[in-house]
Amino acid sequence: MAIRNIIQVGDSVLRKKCFEVEAFDEKLHKILDDMKDTLVKAEGMGLACPQIGLLKRAFIIIYKDRLYEFINPVIVSASGKQKDDEACLSVKGKCGEVERPQKVTVTAFDRNGKSFTLKASGLFARCVCHENDHLDGILYIDKAVNVRECGN
Ligand code: CO
């Protein structure tokens, strides 16, 4: 396991559309394990593959002390609205207010290629949407209002 460098805004890798994961192998497991170490060290909530320079459709979230891994995720439904501040490990020191769905249902695969469906609401739903956007080259600052210095 290893800590990876978190790529910062301005690097074009953060603006690319990621490719579907096809091999649920040891190499993928190593990437996911490294992402977890990197996220824990950075004290973040979520981390997507392009943030460590890999154009793969995968992200991880740590929510309420539990690790969630999403491979080839698809948000299949969304409802309601919420508005709150967001930050991103690739946009250091800033935050901004973003409108997101209150609830989402996401389908994805786990690290072994098994599909699952997950319902998330509130902060967890916000995080799923934020990380999923990374896979399409979208950053929260593209959607935020009142982006400002926040000291994270
Ligand atoms: Co982010």
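**Notes on the fold and the cysteines**

1. The protein has 2 helices and 8 strands. Keep in mind that this is a predicted model. Going along the sequence, the elements come in the order α-β-β-β-β-β-β-β-α-β. The radius of gyration is 14 Å against the 15 Å that the globule rule gives for 152 residues, so the protein is as compact as a globular protein of that length.

2. On overall packing: the C-alpha atoms sit in a box of roughly 40 × 35 × 30 Å along the principal axes, and 45% of the 152 residues count as buried. Of the contacts between residues at least 6 apart in sequence, 68% join residues at least 24 apart.

3. Now the cysteines. The count is 1 disulfide, and it joins Cys 95 to Cys 150, with an S to S distance of 1.7 Å. This pair links distant parts of the chain, 55 residues apart: Cys 95 belongs to strand E5 (residues 91-100), while Cys 150 is in the segment after strand E8 (145-149). Cys 95 is buried at 6% relative accessibility, whereas Cys 150 is partly exposed at 33%.

4. Why is Cys 49 not bonded to Cys 18? Its closest cysteine sulfur is the one in Cys 18, but at 7.1 Å that is too far for a bond. Cys 49 is buried, with 0% relative accessible area. Cys 129 is a similar story: the closest cysteine sulfur, in Cys 127, is 9.3 Å away, too far for a bond. Cys 129 is buried too, at 7%.

5. As for the surface, about 7,800 Å² is exposed, 50% of it supplied by carbon and sulfur atoms. The protein carries 24 positive and 22 negative side chains, and the centres of the two sets are 2 Å apart.

Note on methods: Residues numbered from 1 in each chain as written. Predicted model: local features only at pLDDT ≥ 70, side-chain atom pairs only at ≥ 80, totals over all residues. Heavy atoms only, no water. Disulfide = S-S within 2.5 Å. Helix = DSSP H or I, 4+ residues; strand = E, 2+ residues; numbered from the N terminus. Buried < 20%, exposed > 50% of the residue type's maximum accessible area, 1.4 Å probe, protein only. Rg over C-alpha atoms; globule rule 2.2 N^0.38 Å. Contact = heavy atoms within 4.5 Å. Areas by Shrake-Rupley, 256 points an atom, 1.4 Å probe, with all protein chains shown as cover. Lys, Arg positive; Asp, Glu negative; His and termini not counted. Charge placed at Lys NZ, Arg CZ, Asp CG, Glu CD.
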